[in-house]
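The following paragraphs lead the reader through one protein structure, from a metal site to the aromatic residues and the nonpolar cores. Please keep the sequence and the model at hand while reading.

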Amino acid sequence: MHLHKYEKIWLIFGMGSLALFLAIIGFAAFWKGIHPQSHIETIDPQNIEAHDAFKPENLGLHEVADGKYIVNIVASAFNYDFGTDENGNAVKTIRVPKGSTVLYQITTKDVVHGFQVAGTNINMMVEPGHISRFETVMKNTGEFTVVCNEYCGIGHHLMFGTVEVYE
Ligand SMILES: [Cu+2]
């Protein structure tokens, strides 16, 4: 079969970019551990407090076993609610030891938000009516910024928090 020179170049270019994109997806998924959150459980966005995890007193960090943690979060325009500390102040930093397994559970009452912990493999979409869950091992120490990566309105850039992993 005869193929024109330009046809060959385009075929190589097309197949090459397909292979490159598959390699990038494979690298992100299998090496970096990035994958979508679970979307199995639904919740009434008008009444999220009916769910135990999202009662105001249950928000924030909880140690459930040795080295195992759960963080319950409510996203809203334009805040991440990590609960309050013993003085009643809003928690803005989640602190966990290095190597701990952390399950993040998050929902929203209003619009679609994002929950990305920059520099880690945590990157979730948060939709009203759903509970987004993601469990991961915090392998590296440092301060990681939580950012909303779904445009949610005029105060979108004000949505942030910090996850601190200590030695
Ligand atoms: Cu946002």
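Cys152 counts as buried because its relative accessibility is 12%, where buried means under 20% relative accessible area, exposed over 50% and partly exposed in between, with a 1.4 Å probe and protein chains only. The model is predicted, so local features need pLDDT of at least 70 and side-chain atom pairs count only at pLDDT 80 or more, whereas totals for chains, interfaces and linings use all residues. Residues are numbered from 1 along each chain as its sequence is written, and side-chain values use heavy atoms, with hydrogens and water left out.

Cys152 belongs to the copper site. The protein donors of the copper ion are Cys148 (SG), Glu150 (O), Cys152 (SG) and His156 (ND1), at 2.0 to 2.8 Å from the ion. Donors are N, O and S atoms within 2.8 Å of the metal (3.2 Å for Na, K and Ca); water is not among the atoms, so sites may look incomplete. Along the chain, the donors of the copper ion have the spacing C-x1-E-x1-C-x3-H. The arrangement is irregular because the four donor atoms subtend angles of 83 to 130° around the copper ion. Four donors count as tetrahedral if all angles lie between 85 and 135 degrees; four count as square planar and six as octahedral if opposite donors are over 155 degrees apart and all others between 65 and 115; anything else is irregular. Cys148 is buried, with a relative accessible area of 8%, and His156 counts as buried at 17% relative accessibility. A search of the whole structure finds zero disulfides, a disulfide being a pair of cysteine sulfur atoms within 2.5 Å.

The aromatic residues come next. There are four aromatic pairs, counted where rings of Phe, Tyr and Trp (its six-membered ring) have centres within 6.5 Å; planes under 30 degrees apart count as stacked, over 60 as edge-to-face and the rest as tilted. Trp10 and Phe13 form an edge-to-face pair, 5.3 Å centre to centre with 90° between the planes. Because they are three residues apart in helix 1 (residues 5-31), Trp10 and Phe13 are separated by about one helical turn. Helices (H or I, at least four residues) and strands (E, at least two) are DSSP runs, numbered from the N terminus. Both Trp10 and Phe13 are exposed.

Tyr80 and Phe115 also form an edge-to-face pair, 5.5 Å centre to centre with 90° between the planes. This pair links distant parts of the chain, with Tyr80 in strand 3 (residues 79-81) and Phe115 in strand 6 (residues 113-117), 35 residues apart. Tyr80 counts as buried at 1% relative accessibility, as does Phe115 at 0%. Tyr80, Phe82, Tyr104 and Phe115 form one aromatic cluster.

In soluble globular proteins, nonpolar side chains tend to be buried together. The largest nonpolar core has 26 residues, of which Tyr80, Tyr104 and Phe115 touch the most other members. A nonpolar core is a set of buried Ala, Val, Leu, Ile, Met, Phe, Trp, Tyr and Cys residues joined through side-chain atoms within 4.5 Å. Strand 2 gives the most to the largest core, with four residues. A second, separate core of seven residues includes Ile48, Phe54, Leu59 and Ile131.

Two backbone details complete the account. Gly33, just after helix 1, takes a positive phi of about 75°. The peptide bond from Ala77 to Phe78 is cis, with omega near 5°, and Phe78 lies in the loop between strand 2 and strand 3.
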